[in-house]
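Reader: Hello! I'm new to this structure, and I'd love a close look at one part of it. Could you walk me through a single contact and the residues that make it?

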Amino acid sequence: MTAAEYNKCVTEHADALYRFILKSIKDSEKAKDIIQDTYEKMWIKSADINPEKAKSYLFTAAYRTMIDCIRRDNKQTDLSEANLKTLSHNHQYSDVQEVLHKAIDLLPEDQRAVILLRDYEGYSYEEIEQITGLSQSQVKVYIFRARVFLKKYIGSKEVLV
């Protein structure tokens, strides 16, 4: 196929080819891109194409290019439709040790003392009773209440993030 035959083929079949692709994909910009790619493929292979079969080659190449474009688009996700909260992250510095110390500072003095003695220092209930002067049952109640508060405080997302 010569350059003159190529140009004649483009002139004769451009409108029909564009309509064919546009009806299939319903997007004029993509249709123009597909047509452009098709003409480029035809130009590259122009030496091997019989001018009498150029129309057939043109429509076949356009159809296959359109299918490739559709497959490529199906693999991609439109971000406007996506839930951006699931696709993004907002990692901030979070030192659990720092959060824990802050939470312990928020405890009432009696609860803070017994929780530190029990969980940090490892004293038994009897030893904490002797150190603080509280009854053993009161020590257990304060430890329970402190742990419940710490669990709620540290368990909240807002504190850790």
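Author: Happy to; here is a look at how two helices meet, followed by a ring pair between them. Please keep in mind that this is a predicted model.

Let's begin with helix α1 (residues 3-25) and helix α2 (residues 28-44), whose axes come within 9 Å and cross at roughly 150°. Angles over 145 degrees count as roughly antiparallel, and α1 and α2 are therefore roughly antiparallel to each other. Their crossing is right-handed.

Now for the residues. On the α1 side, those in the contact include Tyr6, Val10, Leu17, Ile21 and Ile25. From α2, the partners include Ala31, Ile34, Ile35, Met42 and Trp43. By type, the residues of this contact divide into 16 nonpolar, three polar and two charged.

Two of the names above deserve a second glance. Three aromatic pairs turn up in the whole structure, and one of them is formed by Tyr6 and Trp43. Their ring centres are 4.9 Å apart and the ring planes stand at 65°, so the pair is edge-to-face. Because Tyr6 belongs to helix α1 and Trp43 to helix α2, the pair ties together parts that are 37 residues apart in sequence.

And are these two rings' residues buried or exposed? Tyr6 is buried, at a relative accessible area of 10%, whereas Trp43 is partly exposed, at 45%.

Technical notes
Residues are numbered from 1 along each chain as its sequence is written. This is a predicted model: local features need pLDDT of at least 70, side-chain atom pairs count only at pLDDT 80 or more; totals for chains, interfaces and linings use all residues. Side-chain values use heavy atoms; hydrogens and water are left out. Axes are lines fitted to C-alpha atoms, for helices over the stretch in contact, and angles run from 0 to 180 degrees between N-to-C directions. Helices (H or I, at least four residues) and strands (E, at least two) are DSSP runs, numbered from the N terminus. Angles under 35 degrees count as roughly parallel, over 145 as roughly antiparallel, 65 to 115 as roughly perpendicular and the rest as oblique. A crossing is left-handed if the near helix is turned anticlockwise from the far one by less than a right angle, and right-handed if clockwise. Contact means heavy atoms within 4.5 Å. Ala, Val, Leu, Ile, Met, Phe, Trp, Tyr, Cys and Pro count as nonpolar, Asp, Glu, Lys and Arg as charged, and the others, Gly among them, as polar. Rings of Phe, Tyr and Trp (its six-membered ring) pair if their centres lie within 6.5 Å; planes under 30 degrees apart count as stacked, over 60 as edge-to-face and the rest as tilted. Buried means under 20% relative accessible area, exposed over 50%, partly exposed in between (1.4 Å probe, protein chains only).
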